[in-house]
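Please look over the model shown below with its sequence at hand. The report that follows moves from single residues to helix packing and then to the second chain.

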Amino acid sequence: MIGALIARDVRRGSTGTTWLPAAFFLLVVALIPFAVGPDARLLGPIGPGVLWIAALTAALLPLDRLIEPDRADGVLDQLAIHRVADESVAAAKIAAHWLTFAPLLLIAAVPGAVLLAMDGKALLRTEIALAIGTPGLAALAVAIAAVTAGLPRAGSLAALLLLPLAIPLLIFGAANALLLEAAVSLLLLAGAPFVAGAAIRASRT
Amino acid sequence: MRPLLRFDQVGCRRGGRLLFDRLDLALGPGEAVQVAGPNGSGKSSLIRMAAGLLRPVHGAVERAALALADDNLALDRELPLKRALEFWGGAVEPAMSSLALDALAGVPVRMLSAGQAKRASLARVASSGAPLWLLDEPLNALDSDGVGRLAGLIQAHRASGGAVLAASHQPLPGDWTRLELTP
């Protein structure tokens, strides 16, 4: 059931709107040269940080479709009836969300680095940090989507919750402290299924 | 014989209001119980409690493997009906033909009418192979042909040792033990 659920969520996530977060990511990156000027000496050093901020803002876009549609349509109830633990559902959703979100973001980071006049080495370092950090970001996104599912104005609330909680990922990712980034990412991956599972249970009325 | 569903002194509180209290109920193989009562008397809550989706404030609920059909379709709207049903597993084809859904196998779930969607959710239950069926307002939006087919399905399910708990404010076809909830 878990494999089928991941496959289903990847299929549902891989529609025309899959590119939206990656496109939004590039758009945010493209705004920076307009805001601070096209000087490569200025853009180069801030490049990795800008890519990270763009990645965090892009992570906000899919929040409202991660949990709420399945809660409203009774899919989460039916999974519980099929004796799938809510924590397992959350873990499957984290895996599926990462698969539909992170690879496109990593691809979009390449033209993003060009827009920011970053050199190849800086791009490679940022790509590695993003690859390590995005699983934690996906876990955080699913947990927050579950906590806010069913609430009025859930989208805005989820954004307000996600950005502060993603600060550790941002700090260690932008500073390229890969071990600390991996530690934060693992911590989020380990904790998020339990938070999301408890939130799914609490949302049943 | 072990019952398929057992409520032992169960109380249900929703929104600070006690809907029912000290409720005992046992459903053995072949039995069917209709939960009746006016709007807001706790019929749906009782069904969700039987499904394990709501916790009782006190008392205990024991249940066998079950299938639930309520207002939520729980089928992917963009998929053709047959593929959407297949996600939940079980014997999809016989269940679809017993509810006359064969012709709609390739139709996306979002295109179904309310009555067709109700048949689809009943097909999800019929294909599950679970011994206990929980049906919340199963007659809503069904036409007379659909009601007849549902009655046949329930009869066959009971004959093969299954049990049905249905919540409905209107009379259900066939013979049912009535459980009346008072507001």
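In which helix of chain A is Val184(A) found? Val184(A) is found in helix H10 of chain A, where helices (H or I, at least four residues) and strands (E, at least two) are DSSP runs numbered from the N terminus. This is a predicted model, in which local features need pLDDT of at least 70 and side-chain atom pairs count only at pLDDT 80 or more, while totals for chains, interfaces and linings use all residues. Residues are numbered from 1 along each chain as its sequence is written, and chains are lettered from A and ligands numbered from 1 in the order in which they are written.

**Val184(A) and Leu169(A)**

Val184(A) is buried because 24 other C-beta atoms lie within 10 Å; a residue is called buried if 20 or more other C-beta atoms lie within 10 Å of its own, exposed if 12 or fewer, and partly exposed in between, with C-beta atoms placed from the backbone. Not counting residues up to four places away in sequence, Val184(A) touches Gly136(A), Pro168(A), Leu169(A) and Phe172(A), a contact being a pair of residues whose C-beta atoms, placed from the backbone, lie within 7 Å. Leu169(A) is 15 residues from Val184(A) in sequence and 6.5 Å from Val184(A) in space, C-alpha to C-alpha.

Leu169(A) has its place in helix H9 of chain A and counts as buried, with 26 C-beta neighbours inside 10 Å. Leaving aside neighbours within four places in sequence, Leu169(A) is in contact with Gly133(A), Gly136(A), Leu137(A), Glu181(A), Val184(A) and Ser185(A). The C-alpha atoms of Leu169(A) and Trp52(A) are separated by 9.0 Å, although the two residues are 117 residues apart along the chain.

**Helices H10 and H6 of chain A**

The buried residues of H10(A) include Glu181(A), Val184(A), Ser185(A), Leu188(A) and Ala192(A), and what covers the buried residues of H10(A) includes helix H5 (75-81), helix H6 (86-115), H7 and helix H9 (167-174) of chain A. In the table, the expected span of a helix is 1.5 Å times one less than its number of residues.

| Helix | Residues in helix | Expected span | Distance between end C-alpha atoms |
|---|---|---|---|
| H10(A) | 25 residues | 36 Å | 35 Å |
| H6(A) | 30 residues | 44 Å | 42 Å |

For H10(A) the end-to-end distance agrees with the expected span, and for H6(A) it agrees as well. There is nevertheless a kink of about 35° at Gly191(A) in H10(A), shortly before the proline Pro193(A), where the bend at a residue is the angle between axes fitted to the seven residues ending there and the seven starting there. H6(A) bends by about 30° at Trp98(A).

Leu115(A) has its place in helix H6 of chain A and counts as partly exposed, with 18 C-beta neighbours inside 10 Å. Not counting residues up to four places away in sequence, Leu115(A) touches Val29(A), Ala30(A) and Pro33(A). H6(A) is followed by Ala117(A), whose phi is positive, near 55°.

**Packing against H7(A)**

H6(A) and H7(A) pack at an angle of about 145°, with their axes 8 Å apart; axes are lines fitted to C-alpha atoms, for helices over the stretch in contact, and angles run from 0 to 180 degrees between N-to-C directions. The residues of this contact of H6(A) with H7(A) divide into 19 nonpolar, 3 polar and 2 charged, with Ala, Val, Leu, Ile, Met, Phe, Trp, Tyr, Cys and Pro counted as nonpolar, Asp, Glu, Lys and Arg as charged, and the others, Gly among them, as polar.

The axes of helix H3 (residues 40-58) and helix H7 (residues 120-148) of chain A come within 10 Å and cross at roughly 35°. That contact is made by Gly47(A), Pro48(A), Leu51(A) and Ala55(A) of H3(A) and by Ala122(A), Thr126(A) and Leu130(A) of H7(A), and by class it has 5 nonpolar, 2 polar and no charged residues.

**Chain B**

In chain B, 13 residues are in contact with 11 residues of chain A, and the side of chain B that touches chain A has 9 nonpolar, 2 polar and 2 charged residues. Most residues other than glycine have a negative phi. Gln9(B), in strand E1 (residues 5-14) of chain B, has a positive phi near 55° and is exposed, with 12 other C-beta atoms within 10 Å. Ala74(B) also has a positive phi, of about 55°, but is buried, with 22 other C-beta atoms within 10 Å.

Methods:
Contact = placed C-beta atoms within 7 Å.
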